[in-house]
Amino acid sequence: MSSPTFLRDLQQPHIVREVAGAGGWTSLEKFAALPEVAALGWPLEVVQQWLYDHLEWGEFLRDYAALDLSAVVWTREYLPLREFLPMTSGPTDDYMATVPDMHEHWTHTRRFIGVPAAWEDTGTWLVPPLLLDLGCLGGSAGVLQVVEGRTRVGILQGRTRDGLNVAGHHAAWVGRPC
């Protein structure tokens, strides 16, 4: 296992300036190849959703400050619908709880990238969300929390509640302790 890596370790100017939206606009592949990022051994889709898209996001910095990123192993899994229904996100995030009541709005705002059609045709999302086993944070092992994909999971919860088309299983990237 590599030496511990925390989000604060990735807040170095030479890394932050490479993140999309931070003025660097470096390609995802170039960002993922930075030694500090590559050392994590994370799948590219996980690097994109968490580090590339949200490296400087305050909620992540607060909720996951104590998480040793190098101690998380990510796998793409297909989880039953029932596991997503009680799911929440980090302790400083209150956004996800609002999404189920507005799932039609959030689905519609993403119509240009095919989100409504995906829900109607397949009953699931286009991009698997990132879920973290709370055992990584010293909590209950096996309990999953949404790291990224709060809108996606909230839409699933709202569609399920309203009796709309949802698949029985959904793909997700799941981070578990090494």
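Reader: Leaving aside neighbours within four places in sequence, with which residues is Tyr95 in contact?

Author: The model is predicted: local features need pLDDT of at least 70 and side-chain atom pairs count only at pLDDT 80 or more, whereas totals for chains, interfaces and linings use all residues. Residues are numbered from 1 along each chain as its sequence is written, and side-chain values use heavy atoms, with hydrogens and water left out. Contact means heavy atoms within 4.5 Å. Once neighbours within four places in sequence are set aside, the contacts of Tyr95 are Trp106, Arg150 and Thr151.

Reader: How many Å separate Tyr95 and Arg150 in space, C-alpha to C-alpha?

Author: Tyr95 belongs to the loop between α6 (81–84) and α7; helices (H or I, at least four residues) and strands (E, at least two) are DSSP runs, numbered from the N terminus. Arg150 is 55 residues from Tyr95 in sequence, yet the C-alpha to C-alpha separation in space is 7.8 Å.

Reader: Which residues lie nearest the centre of the largest pocket?

Author: A pocket is an open set of points on a 1 Å grid over the protein atoms alone, with protein on both sides within 12 Å along at least five of seven lines, and lining residues have an atom within 4 Å of a point. Grid points are joined across faces, edges and corners, and a volume is the space filled by probe spheres set on the points. By this construction the largest pocket has a volume of about 380 Å³. Its lining comprises 19 residues, and those nearest the centre are Arg110, Glu148, Gly149, Thr151 and Arg152.

Reader: Which element gives the largest share of the lining of the largest pocket?

Author: Among the lining residues of the largest pocket, 10 are nonpolar (Ala, Val, Leu, Ile, Met, Phe, Trp, Tyr, Cys and Pro), 4 are charged (Asp, Glu, Lys and Arg) and 5 are polar (the others, Gly among them). At least two of the lining residues come from each of α4 (44–54), α8 (115–122) and α9 (150–161). The largest share, 4 residues, is that of α9.

Reader: Why do the buried residues of α8 lie on the same side of the helix, and what arc do they cover?

Author: Buried means under 20% relative accessible area, exposed over 50% and partly exposed in between (1.4 Å probe, protein chains only). In α8 the buried residues are Val115, Ala118 and Trp119. They are on the same side of α8 because the arc they cover around the axis, taken from the directions to the C-beta atoms, is only 95°.

Reader: Against which elements do the buried residues of α8 pack?

Author: After α8 comes Gly123, whose phi is positive, near 75°. The buried residues of α8 pack against α7 (103–108) and α9.

Reader: Which element supplies the largest share of the lining of the largest cavity?

Author: A cavity is a set of grid points where a 1.4 Å probe fits but cannot get out; the structure holds 1 cavity of 30 Å³ or more, and the largest encloses about 50 Å³. Its lining includes Trp57, Tyr64, Asp93 and Arg150, and divides into 5 nonpolar, 2 polar and 4 charged residues. Both α5 (58–63) and β3 (144–148) supply at least two of the lining residues. The largest share, 3 residues, comes from α5.

Reader: What is the relative accessibility of Gln145?

Author: Gln145 is located in strand β3, where 5 of 5 residues are buried. Not counting residues up to four places away in sequence, Gln145 touches several residues, including Met87, Leu131 and Leu137. Gln145 counts as buried because its relative accessibility is 8%.

Reader: Which residue of β4 is the bridge partner of Arg76?

Author: Two strands pair if DSSP finds at least two bridges between them. Strand β2 (residues 130–133) pairs with β3 in the antiparallel sense over 4 bridges, and with β4 in the parallel sense over 3 bridges, Leu132 standing opposite Gly175 in β4. Strand β1 (residues 72–80) and strand β4 (residues 169–177) pair in the antiparallel sense over 9 bridges. In β4, Arg76 has as its bridge partner Trp173.

Reader: What is the relative accessible area of Leu10?

Author: Leu10 lies in the segment before α1 (13–16), and its C-alpha atom is separated by 36 Å from that of Gly123, 113 residues away along the chain. Beyond neighbours within four places in sequence, the contacts of Leu10 include Ile15, Leu51, Leu55 and Leu69. Leu10 is buried, with a relative accessible area of 1%.
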